[in-house]
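Trainee: I would like a close look at a single part of this model, taken slowly and with the cut-offs spelled out. Could you walk me through one strand and its surroundings?

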Amino acid sequence: TTRVENHHAAAISGSVVLTPSGDRLVVPVGSWEEPMSISPTYECCTSRGALVVLSTKSGDQLWKTYTLAEAPKPVWKNSSGVQQYGPSGAGVWSSPTIDSRRNAVYVGTSNSYIPIPDGGVSDAVLAFDLRDGKLLWSRQLLGNDANDYSCGDTPEQYEKNCPGKTAGPNDDIGAPPIIHTLESGRQVVIASQESRRISVLDPDRNGAIIWQGIPSERATSTGGNLGPAIDDKYLYVPLGYQVYKEFESAKGLDVEGGLVAVGPETGQIQWTTVVPKPSDCPDPTSSYCTSANQAAVTAIPGVVFTGSVDGTMRAYSSADGAIIWSYSSNRPFETVNGIEGRGGSVGGPGPTVVDGMVFWGSGYAILGTTAGNVLLAFHVASV
């Protein structure tokens, strides 16, 4: 057992990754401090993201590098007289990505927790030397993106607590960066933000942006995008659309979702599948009555899997986006181990596919979605 961060709100919020050599573990560090700053009595914020590498044999820390090189310091007091700190934030919410060719490790970071300059490392892709944790390069994809929870409710409070500042959309890079080899043999790093904006970066030119854009003709929502997947042809991005005007009275974040296939070389959209709003929700105005796809995508030859907030799991044809099958998991289940089970929203990572089986978790209680506690196993049905 090894503690990798002592901050009271710290969290290992992405999967730990084993290096190809098998002798080291790469551990991402984020925190749950951001929502704490809603309280006017909270001293926001003193946590910062980090990457930690441990020995698999002993658990000893081999190196640790913070995303923010500068430790938080007092910056101002809010209207309640409570000290505020910064820079802070830039947590790592997803699994690190190891680049064996360049002996590097890539991470995506979250927004800042307080609106002051942070050196350009929030909402960014950072590249570290896998040997010693030295920062090789960083590429910020959205600047000045900070929450305004600590700024206050009135214009007077906002001006006193956060003078001259504006809040950003919190457009984190919540998914692991993807390393992909193009048909030309050139390698790229692909980053995905919560707004569904895709950035394709050149790892040999300090993360220079090759192309960037949101692969949708409709406005997409910001929040809950856990990541695309790629095969030898397309990049598959889960979609959640902003609410139409006729649905502005709905409580949910989105009402419709879908999936889009994008050519990784240019960003050209190959096909888009839109999933209508669910028609069988017990409460049509509830936050989970939406087909928005927040969960990460899993791709295998010929098939792409992702799930929606209303708990529906779907398999799509990777050739044209046609829905091959779907399954509603937001219901009670009789479990094999006798524990009471119920599905909920589909979020977090995509399913695991191995030996003709699809293993999928149901239940994701965050951002207004629905909790659950079941693992479902699917197999290919006989015809």
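Mentor: What follows is a description of one strand, its partners and some charged pairs. This is a predicted model, in which local features need pLDDT of at least 70 and side-chain atom pairs count only at pLDDT 80 or more, while totals for chains, interfaces and linings use all residues. Residues are numbered from 1 along each chain as its sequence is written, and side-chain values use heavy atoms, with hydrogens and water left out.

Strand β9 covers residues 104-108, and five of its five residues are buried, where buried means under 20% relative accessible area, exposed over 50% and partly exposed in between, with a 1.4 Å probe and protein chains only. Strands here are DSSP runs of E with at least two residues, numbered from the N terminus. In a regular strand the side chains alternate between the two faces of the sheet. In β9, A104, Y106 and G108 lie on one side and V105 and V107 on the other, and both faces are covered.

Two strands count as paired if DSSP finds at least two bridges between them. Strand β8 (residues 97-99) pairs with β9 in the antiparallel sense over three bridges, and I98 stands opposite V105. Four residues separate β8 and β9 in a hairpin, and N103 in the turn has a positive phi of about 55 degrees. Strand β10 (residues 124-129) runs antiparallel to β9, joined by five bridges, with F128 as the bridge partner of V105.

D129 forms a salt bridge with R131, their closest N and O atoms being 2.8 Å apart; the term requires a side-chain nitrogen of Lys or Arg within 4 Å of a carboxyl oxygen of Asp or Glu. D129 counts as buried at 8% relative accessibility, whereas R131 is exposed at 57%.
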